[in-house]
Amino acid sequence: MYQSRLVQHIRELPAKKRERFRQFVNSPYFNQHDRTTALLEFILKKLDGRPSGLSKERAYKALFPGEDFNEQQLYNVMSYLNKLYYRFMAAEYTEKQRYLESIFTLEEAFDNHQFDIMTNRGKQLMKKLKKDPVHNSEYFQASYRLNHALGYYSGTYFDRAETNTFQSMLDELDKYYILEKLRNCCHLTANSLILNTSYNFRMLNELLEHLRTNWPDFEDEYSIVMYHTALMSMLEEDNPDHYQRMKRMLAENMKSFSETEGRDLYSFSYNYCIRMINAGHRDYQVELFQLYKQGLKQDLLLDKGLISEWDYKNIATLGARLKEFTWTENFLQEYQEKLPAHRKENAYNYNLGNLYYNKGLYEEALSALLLVQFTDVKYHLSTTFLLLRTYYALQDTEALLSLIETFRIYVIRNRKMTVEQKRGYTNFLRFAKKLVLIKHSASTYSRKDFEKEIDELRDKIETSENVINKYWLLEECHTGAKATA
């Protein structure tokens, strides 16, 4: 019983929610089954003790004193409590929504023909909607359902020719659909740019054309504009105007967005900068760093008090690359405890190794990187690239060439990477190997021939469109040429 899903769910509840669940189960409106109440009390009493204290036999004895053990009877009571837990979750979620309880009241009043309640609550909800600056999916859905209820009430009992409320209902339904379509397309397009995935977005082109030809109808709805802009920044990546609009929205209109939308907008802006950096546009590094600092100040990089390991990595990588060593070290320490528990050690060790590398402490970097486990593709790619640079800095040519070949085979065989990602990494490895061989054989070249080899390699790298970590290759080419000057 200790390992049952029911007990696990209760165990995962914070102390305040455990007490709320206890009050919920003790409410006669929701539960009139004494043994279900007794089972919860038994679980709460034994929950933090030894697993043996929550055995089926002890639970049964507490619920059915003096009776022979009957496992099915115990399962029945557990099932009742489990169903109450699900109802409790629904009640908790409803309380957190801005409009859901009001909508439920309105719709129940309509079903019960309690039109005085419906009229009164409808007016109150309409006032609340008019004052709300955040027009997100929750807002549009509530506005649609409000106009739906009022429209059909009026059309059925008063004026069948009434059109204004029905038109508002249709308009709000369209906005709800458009916003949800854009929002999901943004997230899934971003996902497809990172992983080898694809989706059939169905009617997206028609929707984008509808927005283009009817833009005045939507340009004041910041949430729709936000997700449309974010999506276009991915679909038309070569047009920086979309990114610049996102940047302006971050600076000017954050009060018009919910916390989730603000987090999304920052995320899409970060990802655009990252793609530009990976494509060789180094001027986006400083811009991205400032965006991260701005997002941290607004707590928009935290979700339920936790920071994503990838945001943690991106911020630390950028800070180290820009030689903001003190700030980066403080960031690693301060936000280490805000990482997901199962990712904390890996994320910290990788980013500490990266910081050491950028500080020129290469042996310390290797020690930290050896503690990183390749739990997924991202860690494998990032850690291997950092190891490659560290071996290069240590001038360990043998280890470096071996790693390049191993890395090349891994990339070719990996099925989770897109074709473009594979091409970007194989191009990088090809140029990296050439650079290593040139540097390793530097003593066999005349100064003029060495500079010629480096210059030719640099020109090839610069003119190649898809090269992951192009910035590093160009930096090393420049450093190699400068060393001979």
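Helix 7, cysteines and a surface patch

User: Which residues of helix 7 are called buried?

Analyst: Phe115, Met118, Gly122, Leu125 and Leu129 are the buried residues of helix 7. Buried means under 20% relative accessible area, exposed over 50%, and partly exposed in between (1.4 Å probe, protein chains only). This is a predicted model, in which local features need pLDDT of at least 70, side-chain atom pairs count only at pLDDT 80 or more, and totals for chains, interfaces and linings use all residues. Residues are numbered from 1 along each chain as its sequence is written, and side-chain values use heavy atoms, with hydrogens and water left out.

User: What puts the buried residues on the same side of helix 7?

Analyst: They cover an arc of only 85 degrees around the axis, so they lie on the same side of helix 7. The arc is taken from the directions from the helix axis to the C-beta atoms. The face turned away from that buried side carries the exposed residues Asp116, Lys123, Lys127 and Lys131.

User: Why is cysteine 273 too far from cysteine 186 for a bond?

Analyst: A disulfide is a pair of cysteine sulfur atoms within 2.5 Å. The closest cysteine sulfur to that of cysteine 273 is in cysteine 186, 16 Å away, and therefore too far for a bond. The structure holds 0 disulfides.

User: How do you know whether cysteine 273 is buried or exposed?

Analyst: Cysteine 273 has 0% relative accessibility, so it counts as buried. Cysteine 477 is also buried, with a relative accessible area of 0%.

User: What makes leucine 195 partly exposed?

Analyst: Its relative accessible area is 33%, so leucine 195 is partly exposed. Leucine 195 is placed in the loop between helix 9 (164-194) and helix 10 (204-213).

Note on methods. Helix = DSSP H or I, 4+ residues; strand = E, 2+ residues; numbered from the N terminus.
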